[in-house]
Amino acid sequence: MTSPMLFEPNRPGSKDVAWCPGCGNFGIRNILRKVFAELNLTPQEVVIISGIGQAAKMPHYIKVNGYHTLHGRSIPIATAVKASNPKLTVIAEGGDGDMYAEGGNHFLHAIRRNPDITVLIHDNQIYGLTKGQASPTTMLGMKTPTQPWGVFEEPFNPIALAIALDASFVARTFMGYFEESVGIIKKAIQHKGLAIVDIFHPCVSFNKVNTYEWYHKHTYWMEDHDPYNREEAFKRAIETDPLPLGIFYIHEKPTFEEQVMAYKKDKTPLWQRKPKFGEIKKILGAKKGF
Amino acid sequence: MVEFKEDVSIVLGGAAGQGIQTVEEILTRVLKLSGYNVYANKEYMSRVRGGINTTEIRVSSKKVRAFVKRIDILIPFKRGVLPWLENRLSENTVVLGERENVEEEFMEKITFVEVPFNKMAKDVGSPLYLNTIAAGIAVGLFHGDFEILKEYLRKRFGSKGEDVVSKNIEAAEKGYSLGVKLCEEKTIGINVKKDERVKEEVLLSGTEAIALGAIAGGMNILTFYPMSPSTGVAVFSAQHAEEFEIIVEQVEDEIAAINMALGAWFAGARGMVTTSGGGFALMTEALSLAGMAENPIVIHLAQRPGPATGLPTRTLQSDLNLVLYSGHGEFPRIVLAPGSIEEAFYLTATAFNLADKYQVPVIILTDQYFVDTYYNLPEFDLSGLKVEKHIVETDENYKRYLLTEDGISPRGIPGYGKGIIVANGNEHDEWGDITEDEELSRLMQEKRAIKKLRTIRKNAMMPELIGSEEARYLVISWGSTYHVIKEALENLGREDIAFLHFKWLYPLPSTVKEVLEDKVLIDIEQNVTAQFAELLKKEFGVSVDHKILKYDGRPFSVEEILDALKGVLE
Ligand SMILES: Cc1ncc(C[n+]2csc(CCOP(=O)(O)OP(=O)(O)O)c2C)c(N)n1
Ligand code: SF4
């Protein structure tokens, strides 16, 4: 195991952390540093592609490669990064608005595509960066400046949805449980195929309902749960109070990179390849005739 | 007798699904291999069955690469074709076909030669052979090589068994001998010369040239969401993905498509998207990300008339402003528009090196007319093509957005070198971290929008001048209208008119201004507001003197350009 300190960034701009004091994002960062260290990874071989939001600022506060992109778009970018260079450990990271609202379509289709990436959702059940509007996972009845009457839309259930779509790896954790979260995210990264981890974390500035205490009280760890049993996983996924934590579902299946034509014979990362002029010549030859 | 010399335009018309495509394919392949120059272009309705689709095939002694309005020989497969093509018919048009497919009121206007296609097909054994008979007649009219026709049919129908092959050959023979007979009887006279060299040339479409150019340019990943007329590039690439060892992925929407392509470049591979106006509209946020993050990308945009869904299967050059000005904030981009199929190949390959070198979006603008056109041309020379990736191996102190004089920061990629790459769509410092610093914000804006643009402009490609620098009149055009204008000017045969064709639309080299000075400028574009003329005004303060514009969704024809030029010239 390397040291988590290896992942401490030291650029001038990364010192001024934009997260509010006491925010759960700090905990997630510490979890990630420990995970990378335990997996013996180097900063050079990890890439975090993030969207937009407070959560999505992660690439600036941790020393790995990063691309801080657009709201909702981290998954397609991460998919192509992995496809271009399968030697990299690729993580798509963002908030619940980022992944489930603006990026909802990509979330659905990434499950179908099954690239070998890890999707980490900082689920604070609110929009942080834009100051406290409801997110797709905000609980019914919660009042916000833009939902003054209280949220009446049914909250999104990412776990049930992912299992319904037969996702490859589905888990939920609460960052307040440090070691358990390290364990789950480690398994997610090691998992071959798309791994989704919904990570509860309190937003101390805008979510006065789902606090540290609330998550401690309203969650429990699944025991004796068989993640290879889809029906059982689904039953657990629709439990509401208390909310189960742990690995819900695992389904090993071929990944995107394993199935594309590009890697059928040659495993060289795409970025190191040269165009096949010989094949172009062959096609042009055929275009002389029929 | 109706006689055609040097250059014959054959038009086939029928319902979608009636097999026009098959006849077109047989004809162009077999005639090319017989030594004739060929050109083909289709026109179709946005529907899967029925309606009226037509194909124009030109067969010529010289290279032919442009659409003509004139129809020399028309083969209608259903009623309604003649009314649909009414303004392209003349007494010189020979209509070959069934009596019932020619509306009474046209009998006076055209030369009708009755061919009992259906009866002939039934004699062979089934109405299915009608297409082969029609192809046979046309090949016969040119005294094309029957052995080649037989070989073609063997190859095409071989998988369906010996019986189908021999029946098709029988049908082709019947057609062929009728074609020959029509010439011998002097009903139709055709005098087109063969050229041995043509046999060795390739027959390629705009679509195929873009796809092959991308492969030659090192494209590793093509992501797309289907939209006419851009889909062909994805179809061709997908069908050859195995040989090229590339990824061709149909994704959930255009937003995913462009973001994936950005991811590919970020990781050091080369990605392209192929789309049309509506799809590009969805991509504009990611285009801005490419601008801010200095992420290279190549975009192929095959234009069709808009706004919204517009005319899905027709042509226009009306997305120039879209590609010039789309995206929020200010950042440079390169816009290219090939005029010929050769150019489509080489420019697309070059687009990848440009994207890499300048770390900007490079947009290749084509249109429906262009992608659906094909003709014979000499095989490409691949020896000069180089993949220049401009990727550096990073060290520990690597800064992704190093401030430099020419606005270009050395580009590292994850996992290559000791450095860490942090790319960012937020305003950033040299390391890529978010900044709101006044000074840095200003410097970064200047780096992208001024310094880098200046560097690109310095190295931009000059337009192609055809004709004399001294000419009083100067025709200006861009992209796909190249060959139509060229042919019209050849027909016009005046020394005092030259042609300036732009393949590199933005940024324009500043020396273009000198070429435009003291000339009568005639702008030819396929859009209603003369978007390129507007760009010239904005860039150089010049105004064009005449505008020849077409915007009905149909391509310009040689005749139309010729007439319009005659109207303008003294
Ligand atoms: C296209 C687009 N729409 C809206 C925004 C504004 N925006 C920034 S972050 C955000 C939501 C953030 O919420 P979440 O993803 O849950 O992340 P958090 O800040 O809570 O970590 C929104 C709507 C944007 N940047 N881009
Ligand atoms: S707004 Fe909420 S989620 Fe964002 S940093 Fe502050 S506390 Fe954390």
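What follows is a walk through a predicted model with two chains, A and B.

Let's start with chain B. Its secondary structure consists of 19 helices and 23 strands. For its 570 residues, a compact globule would have a radius of gyration near 25 Å, and chain B comes out at 26 Å, so the two agree. If you lay the C-alpha trace along its principal axes, the spans are about 85 × 60 × 40 Å. As for burial, 65% of the 570 residues of chain B count as buried. The contact pattern is worth a look too: take the contacts in chain B with a separation of 6 or more, and 74% of them link residues 24 or more positions apart.

On the outside, chain B exposes about 20,500 Å², with carbon and sulfur atoms supplying 48% of that area. Chain B carries 63 positive and 85 negative charges, and the mean positions of the two sets are 3 Å apart.

Now for chain A. Here you'll find 10 helices and eight strands. With 290 residues, a compact globule would have a radius of gyration near 19 Å; chain A has 20 Å, so it agrees with that estimate. The box around its C-alpha atoms, taken along the principal axes, is roughly 70 × 50 × 40 Å. Of the 290 residues of chain A, 61% count as buried. Among contacts in chain A with a separation of 6 or more, residues 24 or more positions apart account for 69%. The exposed area of chain A is about 11,200 Å², and carbon and sulfur atoms supply 56% of it. As for charge, chain A has 34 positive and 29 negative charges, with mean positions 12 Å apart.

Each chain also has a domain annotation from UniProt, in both cases from an unreviewed entry. For chain B, the UniProt record puts "domain: Pyruvate/ketoisovalerate oxidoreductase catalytic" at residues 16–176. In the model, that stretch of chain B is 40% helix and 19% strand, and its end C-alpha atoms sit 25 Å apart. For chain A, the UniProt record gives "domain: Thiamine pyrophosphate enzyme TPP-binding" over residues 56–199. That span of chain A is 33% helix and 19% strand, with 13 Å between its end C-alpha atoms.

Next, the backbone. Most residues other than glycine have a negative phi, and most peptide bonds are trans. With that in mind, which residues does a cis peptide bond join, with omega about 0°? They are B:S228 and B:P229. The proline, B:P229, belongs to the loop between β10 (221–224) and α8 (231–239) of chain B. Another cis bond runs from B:Y506 to B:P507, with omega near -10°. B:P507 is likewise a loop residue, placed between β21 (504–506) and α17 (512–516) of chain B.

Carry on along chain B from α17 and you reach B:D518, in the loop that leads to β22 (520–525). B:D518 isn't a glycine, yet its phi is positive, near 55°. Its relative accessible area is 80%, and since exposed means over 50%, B:D518 counts as exposed. B:K186 is another non-glycine residue with a positive phi, about 65° in this case. You can find B:K186 in the loop between α6 (162–184) and β8 (188–191) of chain B. B:K186 is exposed because its relative accessibility is 54%.

Two more residues of chain B make a nice pair of stops. Where is B:K62? It's in the loop between β4 (50–60) and β5 (73–76) of chain B. With 60% relative accessibility, B:K62 counts as exposed. The fold also brings in a residue from elsewhere in the sequence: B:V192 is 130 residues away from B:K62 along the chain, but their C-alpha atoms are 9.0 Å apart in space.

Finally, turn to B:M283, which sits in helix α11 (residues 277–293) of chain B. Is B:M283 buried or exposed? Its relative accessible area is 1%, so B:M283 is buried. Neighbours within four places in sequence aside, B:M283 is in contact with B:E254, B:A257, B:I258, B:V273 and B:T275. B:I299, 16 residues from B:M283 along the chain, has its C-alpha atom 9.9 Å from that of B:M283.

Note on methods:
Residues numbered from 1 in each chain as written. Predicted model: local features only at pLDDT ≥ 70, side-chain atom pairs only at ≥ 80, totals over all residues. Heavy atoms only, no water. Helix = DSSP H or I, 4+ residues; strand = E, 2+ residues; numbered from the N terminus. Rg over C-alpha atoms; globule rule 2.2 N^0.38 Å. Buried < 20%, exposed > 50% of the residue type's maximum accessible area, 1.4 Å probe, protein only. Contact = heavy atoms within 4.5 Å. Areas by Shrake-Rupley, 256 points an atom, 1.4 Å probe, with all protein chains shown as cover. Lys, Arg positive; Asp, Glu negative; His and termini not counted. Charge placed at Lys NZ, Arg CZ, Asp CG, Glu CD. UniProt positions renumbered as here; feature names shortened; annotations may be inferred.
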